[in-house]
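Hi,

Here is the structure I promised to pass on to you. Have a look at it first, and then read my notes below.

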Amino acid sequence: MNTYTLYLNSKRCIGCHGCVVHCKANKNLPVGPILCEISHEPLKSVRGVPKTEFKFRSCYHCEDPFCVTICPTGAMKKREDGIVYVETAKCIGCMACAGACPWGIPQHNPETNKAVKCDYCMDRLDAGLQPACVTKCTTHALKLVSMQEV
Amino acid sequence: MKKSIWSMCGICTVRCPIRVEVEDNTVTWLEGNQHILKGALCAKGSAGPALVADKERPQQPLIRKGGRGAGRWEAVSWEFALDYVADKLKTIIEHHGPEAIMASSRGGPFHDVVKAFTHALGSPNYTDHDSACGRNVHHASLSLFGLGRKGFIYDIKNAKHLVLFGRNILSSLRPAEVNQVMDMLDKGGKLTYVDVRQTLTGIKATNFFQVRPGTDYALALALIHEIIKAEGYDADFVEHYTSGFDELAYFVENYSAEWAAKECGIKAKDIHELVDQLIGDRPKVIFHPGWMLSRYNDSFYASRALNCLNALMGNIEVEGGLVFAKGAGDCGGKGPRSLTELSPKPAAKRADGVGEVYKQFEKGTGLFHLFYQAMATAKPYPIKGIICVRHDPFSCFPDPQAQKEALDNCDLIVSVDTHYSEFGWYADVILPESTYLERDSMIALQKGMKPRMIMRNKVIEPQADTLDLYSIIKGLATRLGLDQYFPHSTMQELWGWQLEPTGFSLTDFEKKGFVEYADKPVMYDRDKLEGKFKTPSGKIEIISQKLTEWGFPSWKPYESPAKPPKGKYRLVFGRSPLHAHSQTINNPLLNEMMPENTLWINTREAGKMGVAEGDFVDVISGDVTSVITAKLTDFIHPEAVYTVHGFGRQIPLQTRAYHAGMSDQKLMKGQLQNMDPVGGGLNLCETFVTVRKSSKNHQRKVEL
Ligand code: SF4
Ligand code: SF4
Ligand code: SF4
Ligand code: SF4
């Protein structure tokens, strides 16, 4: 059962990409893998003001994740609370998970030659903290919500 | 062992308070100080550890071997480098006197040590980067309020309406301020945004005006006109605290909304609607007077008009308005000591002419670009040595080629910086400063509604052979026999000395990372603001006595900005939230997010040139041609082309940034001395460039 989701209050988000860099810095990732993204539709005029809103996307932590099924070594796992994560020690860097994921979410870390993806910063969650992107979002627009709250 | 250390971000000059976790001399976590920022940091703030790890920054002192700018360096020890610089300085002093040496640093709380060193040498010639930044705003504010640009705090979160003229507040961002803006919007506050293009800020606006470039002053005058006409100003406040209102009313008589609408290319009806809103929202309306307003040749007056609108709104010292920045004294306390107290200001006249030829400019920092004239002409006397600390004039001021020609009259050029700057690459000596995570900095006072002392603690030991600024300066001072001005041998000693008069000690910083002088915001009695405005009359001088005395009008009759000649565009520039000007372009993580800039071109104009999205275009000015990728948008004025400042770097050792994108300042040919005569800011948006489809686009469609 999925417990968590990341919710973006797009009214507050300013599209600064802080979350993307906060995430990379937290996981000490080199240039290459990017675990979340900020995007927007083209600007449209709303009462004379060209407007758009930002969207945030990381891994969807699917109910039945293709990435988990396809992983040949069992490195890609789903926890009790729904978090889909890579057990790095078992990962052989074949990137079958990225091929199986409809959105190509898992990323290759060239330094470790392993897959890496959003794991809702489960080490931080387990320590009673919030994910890096949530804690450090420039405008406090990102929230980790548990499904019960939704 | 894991440690948690309070410190201060130093990627950009906002200097956000941070908390850093460190294990085995490695940063494992870094966040905004919970007490002030609730964890928030910008993207750049998280790229600090990447800066530390980056081997493409100077790793030890370097002395030039080949010709200037040739890029041949000899790595030397600190002993050698400091001896070398000190010897050169001595020779210059012997032949030309100490005033032949100038120094510049970033403005802000840490300029003290550089200024103290300049004065200790016996030179009055300390300066900073501000003539390419906030000088117009600063001088405009001084002429009106008698207080500089930092004299007021903007209580944005409690405002009902924030009006921004080109102040792209959510992109050239300060995290604490951004949160104030978002809080204001969440509470139903209005945002009015005026610019030549749509921005990250403008997309959040209630009212958006895309104006013709260079017409900000026109719109500001029209707002004054309409507010006065509707008697929508705070008459009591104006009566009590201002002088010259009648002259202003007379001056703006012809500047109606209808007139401005034509001039700016917007609708009169929208201006009227804005005026109605402003009157309804008064006094909780804030007109931002501009941050980096070195743009057009009337930017000083535009800023003055915006600040005058603040006075008309009667928003001074009210919640949701402009609040006097309080110092330690306002709380019955004392601020920390500064090193400049130890080295008296030399009596010699400044070489930039500020205070003599240019009485209208504040003497404290003068104007950097004017020193180039002194170098070139040896008048009023020669400048032979220059030290730039964490300041890259080639990335900051127009026309680096012209700057190099002036600098060639110098016998010594020194760059102190954490990264290779374009200026440093041309220098004789590079003294690498430790990055902000590897150095301590002096304690500084931050004025505000709740004034506080802030400090930066070193969180890890330097990863390369670099030093903190105090050690570098002290090392030079010692060699020059100026020990008495820098008597403290460790940072702890210096901090202790700084704190002596304050009654606080270092342990008081342990709880939150800063020390506050007050628990609650300190507000003056709004009915007793007499004496708070430091103008000659003690009032807000709508007609400034000093400007009159110096022979400048307080209000300049509006002149319509030139239209670009056929085939040319006005080059305007700005910032992205991912880079701090030129300083971060080579940072691995930030470079990954934004490796180069583009040229924004109005879609229809691009169509005329046959330029499609993603095409290469040539941008030409004088003998400079740059190639850049075109980005087409409907949301930029057809007279302007826009780019993000800081790119187009030419330092081969910065492999990521090398020749990536285009440099705006290199295209500002012949603009080095084009300054606002009253405000002192450079006119950085007064360059017209030719744009054409580049021959670099692939014509061959076959790749076999
Ligand atoms: S850090 Fe926050 S405000 Fe910035 S883009 Fe990410 S979600 Fe949006
Ligand atoms: S990586 Fe793809 S398939 Fe796997 S959980 Fe995430 S979104 Fe689903
Ligand atoms: S939850 Fe953690 S891993 Fe996922 S996007 Fe946010 S910072 Fe990255
Ligand atoms: S705005 Fe960003 S880069 Fe600048 S000091 Fe703050 S966190 Fe650092």
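**Notes on the model**

In helix H6 (residues 175-186) of chain B, the 12 residues at 1.5 Å each should span 16 Å, and this agrees with the end C-alpha atoms, which are 16 Å apart. Please keep in mind throughout that this is a predicted model.

Staying with H6(B), its buried residues are B:Pro175, B:Glu177, B:Val178, B:Asn179, B:Val181, B:Met182 and B:Met184. An α-helix has 3.6 residues a turn, so residues three or four places apart point the same way. The cover over the buried residues of H6(B) includes helix H1 (34-37), strand S9 (161-165) and strand S10 (190-195) of chain B. After H6(B) comes B:Gly188, with a positive phi near 90°.

B:Pro175 turns up again around ligand 4. Its neighbours there are B:Cys9, B:Ile11, B:Cys12, B:Val14, B:Arg15, B:Cys16, B:Leu41, B:Cys42, B:Lys44, B:Gly45 and B:Leu173. By type, the shell around ligand 4 has 9 nonpolar residues, 1 polar and 2 charged. One of the residues around ligand 4 is B:Cys16, which counts as buried because its relative accessible area is 10%, under the 20% cut-off. In chain A, A:Cys118 is likewise buried, at 10% relative accessibility. Over all chains, the structure holds 0 disulfides.

Next, some strands of chain B. Strand S2 (residues 17-23) of chain B has 6 of its 7 residues buried, so mostly covered is a fair description. S2(B) pairs with strand S1 (residues 3-8) of chain B in the antiparallel sense, over 6 bridges, and B:Trp6 has B:Arg19 in S2(B) as its bridge partner. S2(B) also pairs with strand S3 (residues 26-32) of chain B, again antiparallel and over 6 bridges. Here B:Val22 is bridged to B:Val27 in S3(B). These two strands, S2(B) and S3(B), make a hairpin with 2 residues between them, and B:Asp24 in the turn has a positive phi of about 50°.

Which residues does B:Asn307 touch, leaving aside those up to four places away in sequence? They are B:Ser141, B:Leu144, B:Phe145, B:Pro289 and B:Leu322. B:Asn307 itself lies in helix H12 (residues 299-313) of chain B, and it is buried, with a relative accessible area of 3%.

Finally, a few backbone details. Most residues other than glycine have a negative phi, and most peptide bonds are trans. Some places in this model to look at with that in mind:

- The peptide bond from B:Arg282 to B:Pro283 is cis, with omega near 5°. B:Pro283 sits in the loop between helix H11 (268-281) and strand S13 (285-288) of chain B.
- B:Lys379 and B:Pro380 are also joined by a cis peptide bond, with omega about 0°. The loop that holds B:Pro380 runs between helix H13 (368-377) and strand S15 (385-389) of chain B.
- A:Asn113 has a positive phi, near 55°. It belongs to the loop between strand S8 (107-109) and strand S9 (114-116) of chain A, and counts as partly exposed at 42% relative accessibility.
- B:Asp399 has a positive phi too, near 55°. Its place is the loop between helix H14 (393-396) and helix H15 (400-407) of chain B, where it counts as buried at 5% relative accessibility.

Enjoy exploring, and write back with any questions.

Best wishes

Technical notes:
Residues numbered from 1 in each chain as written. Chains lettered and ligands numbered in written order. Predicted model: local features only at pLDDT ≥ 70, side-chain atom pairs only at ≥ 80, totals over all residues. Heavy atoms only, no water. Helix = DSSP H or I, 4+ residues; strand = E, 2+ residues; numbered from the N terminus. Expected span 1.5 Å × (residues − 1). Buried < 20%, exposed > 50% of the residue type's maximum accessible area, 1.4 Å probe, protein only. Contact = heavy atoms within 4.5 Å. Disulfide = S-S within 2.5 Å. Pairing = 2+ DSSP bridges. Near = heavy atom within 4 Å. Nonpolar A, V, L, I, M, F, W, Y, C, P; charged D, E, K, R; others polar.
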